[in-house]
Each structure stands twice: as C-alpha cells, then as structure tokens.
Amino acid sequence: MPAELACFQAACGARFPITEVIYTCPRCGGLLEVAYSGPSMPASTLRQLWRSRRLNESLLDRSGVWRYREMLPFLDDYSTVVSLGEGNTPLLEAPGAARWAGLDRLAFKHQGFNPSGSFKDNGMTCGVAQALRLGMRRVACVSTGNTSASMAAYAAAAGLEAFVFVPQGNIAFGKLAQALEYGARTFQVEANFDQILALVRTLADRLGIYLLNSVNPFRIEGQKTIVIEMMEQRDWNPPEWIVLPGGNLGNAAAFGKALRELLAAGLISRLPRLAIIQAEGAAPFYNLVRRGHGPLEPVSNPETLATAIRIGDPVSWPKALHELRATNGLVETVSEAEIATAKAVIGRCGIGCEPASATTLAGIRKLRAAGIIGASDDVVAVLTGHLLKDPDYIYRYHTGSLCTPSGQAIQTVYANKPVAVPCDADRIAALIAG
Ligand SMILES: *Cc1c(COP(=O)(O)O)cnc(C)c1O
Ligand SMILES: [Zn+2]
C-alpha cells in the first residue's frame, strides 16, 4: 500500500492522496495521520541496514531521521531532502539525577543536541521535505518558540521563504533570536495563539503557504525517529517507561505511533509505558485523563515558565489519548518549583536542558514517591530542548529572582550565584578555602 493521509477519527476513516495539501480531514475536521503498510524487510535486515548507513558519508544516510526512512515511506524521491544532520542525539546516563528522583539508574535521551537545539528538527526535516515535494515555495507556523526556530533553519537551508507568527511578548529570547538569524520573516501579532492560527490559515490559502504547525502529520512522522533511535541505542531492548513533557502532544502522538509500528515490524517485543508530564498551570490533558471522558476542555489562560509547554488547547490530544491507552501510559503534573529544582539537578549532571524538558525528571520523582515507578524500573526521560534556549530563566534561578507566573518567588535550592570579588589573590584564595 502506498502512503496515504488517513483521518484519525475512527468513525470517519476517510483517506486522501499523500500529495493533497490538507492539514485536517476535509470531511470531518479530524486529525490526519500518514498511513502505510509496514516495512517489507525482516527486522534483522532493517537493523543491519540502519546500522550500516551510519558509516556512509551521505548526509541522508547519516541523518538520525532519514537513516530510518523505511519507517517514513511517504516520499517517492529522497534526493530533494534537506538535512542539517538532525537526530543522532545521545542517550546519557545521569546517576545524580537518578539519585535525586529515587531511581537506581536513569538515562536522558537529549534532543537538545539537534541542529536548532530541540526535537522539533526531527519533525521539521520531514515537514520541509513534504513542502518541497508539493512544490510549495513558502512555509509558515504559529509558534511561541522552538517550532519557529526549527522551521526557520530548515526553510533557509531548503531555499524556502519562511513566515513565523508569534503572539506578542510570549517567547523565550533564544528561540526568537534563532528565527531572526535564520532569516524568517517574523510577525508579532497582538492576538492569542488560536486567533493567530485562524489568521494564518486564511493567509496560507491565499498566498500559497504550506503550514508547518504541530498538527502537520509529516512532522509527527519525523518525530517517531526519536524513539526508533532510542531503541537502536538500547539494542532494541525497550525500557519500562518513556517519560516526556506534554504541550501540544505531538511528541506523545509520535512516540506512540513509533512504538506500535516497531512492535508490528518485530523490531521490539513489547511496548514501554508513556508517562506524559504537564506543568500544573497548563494541564488540560491531565484533566481530561483524570476525568476519564472527552472531549478535552481547553485551559483558557495557560501559565508556566516552561514556555514550550504553555499550551491551553493541545491540537494532538485525540492521538495522544489513543497512544496513552495503547501503551498503558499515564499523565502527571508538576509545579513550577518542582520544574526549577529538577532543571538545576539536570544541570549539575553536566547535561542541562530548557525548563519544559525538566518536567520529566520532576515527574519521575513524583511518580517514584507515589510508588508508581519502582526504584529499579528501567526509565528513559526525553530532554526536549537545549539549556541555552532560555538563559533568562537560568540567570534568575541562580540569582534567586525566579518567580512563578503569578509572582510568587521560587525557592532556588541549587542557586549558584556569581560572586563579586576584588582583584586580589589572597582574598579569593580565602574565599575558596571557605
Ligand atoms: C515543543 C516542545 C515541547 C512540547 O512538545 P509537544 O509535542 O508539543 O507536546 C516540549 N519541550 C520542548 C523543548 C519543545 O520545544
Ligand atoms: Zn475525517
């Protein structure tokens, strides 16, 4: 079966050619997913093929996304793919973080090692590949951060015109800086996320712009490779838990789809459980799962310092809910103080991450304390973004001036304040001696 776009709404089930320029089901408005029959090769052949590609010099074969292209068979021609060397991110053992959370061992899959510093690159290389194959010359997204940074990078590399729309005054500086530096036309709009999305949809039709928002099903395809690469790094031995932050829930959707497809292809023999962690102030998915029935009720004023997951109305929730059930997963929330402390602990492992990523470690500690995760459980947490994405947060943390969105001071357990000293060796030596 060649790749198609399939409506995710089971009651609809409509299918469309892979080359149709649509983002949701034209019939029912449901989410779309890329559907195809699994790879035709046996698991052992695939494993060997993927491993051998690492040794090639071609960027396509070395890419941590396109190396696994048998799991992403939506293109007929890979020669136009634009890779910036995405994926290939390390799986890092972190004994300090494990100890803090109450685990014997813990590994971080660090997606901040991507070219633009977040996992969005895994998906964006696929989204941009699809834009090129459709003959589109312009791409756009509405984003408060990493999506725009990533899209701007890949669009520039592909010679596409990029338009980034950001809600006024709602963005971490490192990310906006990237969009500007990569040359995207950036519009700050005085409206909320949903209003801007409606605006951009109108513009997209009018101006022939391909949308690369998180609802784009090709981005989800690329994000599957985070899990595929993780399994390869673990010699195809799945952990018991994969822990990830939940914002728009695209990653939750991608991870679940990847796991189901790996199982069906015989590449893994069982499914890990997904643990999705949300910030307390932006936890509509947590509320939905706790309530036990849908639809999702949006949070009208989502608030968290972890701006990458400050999402009140996550578009991919139906997929995420499906994957949560398929993997016997769960959702947890963590406070701003828990995120801040967990982030500092990750920093002190020499690893570091942006605030949204640290929800994972904060969530693990909470689930461990509740006895849901066992001390000897095999756990991988996905760090979604690079430390330097949000230096303002870090400086505030270490100087004791970090406040919650409602203005409460956050206790900074691991504050590491710079010390002003005179240019005097004796005085500094005395300070160091304690
Ligand atoms: C986008 C993003 C998230 C949220 O991922 P979703 O797929 O929207 O749930 C988390 N962390 C970082 C760093 C991100 O850029
Ligand atoms: Zn439909």
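Two strands pair if DSSP finds at least two bridges between them. The views below come from a predicted model.

**View 1. Strand 4 pairs with strand 5.** Three bridges link strand 4 to strand 5 (residues 107–110). The two strands pair in the antiparallel sense. Look for Leu92: its bridge partner in strand 5 is Phe108. In general, strands of a sheet pair through backbone hydrogen bonds, either parallel or antiparallel.

**View 2. Six strands make an open sheet with mixed pairing.** Read the strand order as 4-5-13-10-11-12. Which strands stand at the edges? They are strand 4 (91–93) and strand 12 (330–334). Each has a single partner strand, so one side of each is left without a neighbour in the sheet. From one strand to the next, the twist averages 25°.

**View 3. Helix 10 and helix 12 meet the six-stranded sheet.** Helix 10 (residues 284–291) packs on the sheet. Helix 10 touches strand 11 (273–279) and strand 12. The direction of helix 10 makes about 130° with that of strand 12. Helix 12 (residues 336–348) lies across strand 5, strand 11, strand 12 and strand 13 (379–383). Helix 12 runs at about 95° to strand 12.

**View 4. Four strands make an open sheet with parallel pairing.** The order here is 8-7-6-9. Strand 8 (185–189) and strand 9 (209–211) are the edge strands, and each pairs on one side only. Neighbouring strands are turned by 25° against each other on average, direction ignored.

**View 5. Strand 6 runs parallel to strand 7.** How many bridges join strand 6 (residues 138–142) to strand 7 (residues 161–167)? There are five. Val139 stands opposite Ala162 in strand 7.

**View 6. Four cysteines hold the zinc ion (ligand 2).** The protein donors are the SG atoms of Cys7, Cys12, Cys25 and Cys28. They lie 2.3 Å from the zinc ion. Along the chain, the donors follow the spacing C-x4-C-x12-C-x2-C. The site is tetrahedral, with angles of 97 to 113° among its four donor atoms. For four tetrahedral donors, the ideal angle at a metal is 109.5 degrees.

**View 7. Two zinc donors, Cys25 and Cys28, are set side by side for their exposure.** Is Cys25 buried or exposed? Cys25 has a relative accessible area of 3%, so it counts as buried, the limit being under 20%. Cys28 has a relative accessible area of 40%. Cys28 is therefore partly exposed.

Methods
Residues numbered from 1 in each chain as written. Chains lettered and ligands numbered in written order. Predicted model: local features only at pLDDT ≥ 70, side-chain atom pairs only at ≥ 80, totals over all residues. Heavy atoms only, no water. Donors = N, O, S within 2.8 Å, 3.2 Å for Na, K, Ca; no water. Tetrahedral: all angles 85-135°; square planar, octahedral: opposite > 155°, others 65-115°. Buried < 20%, exposed > 50% of the residue type's maximum accessible area, 1.4 Å probe, protein only. Axes fitted to C-alpha atoms, helices over the stretch in contact; angles between N-to-C directions. Contact = heavy atoms within 4.5 Å.
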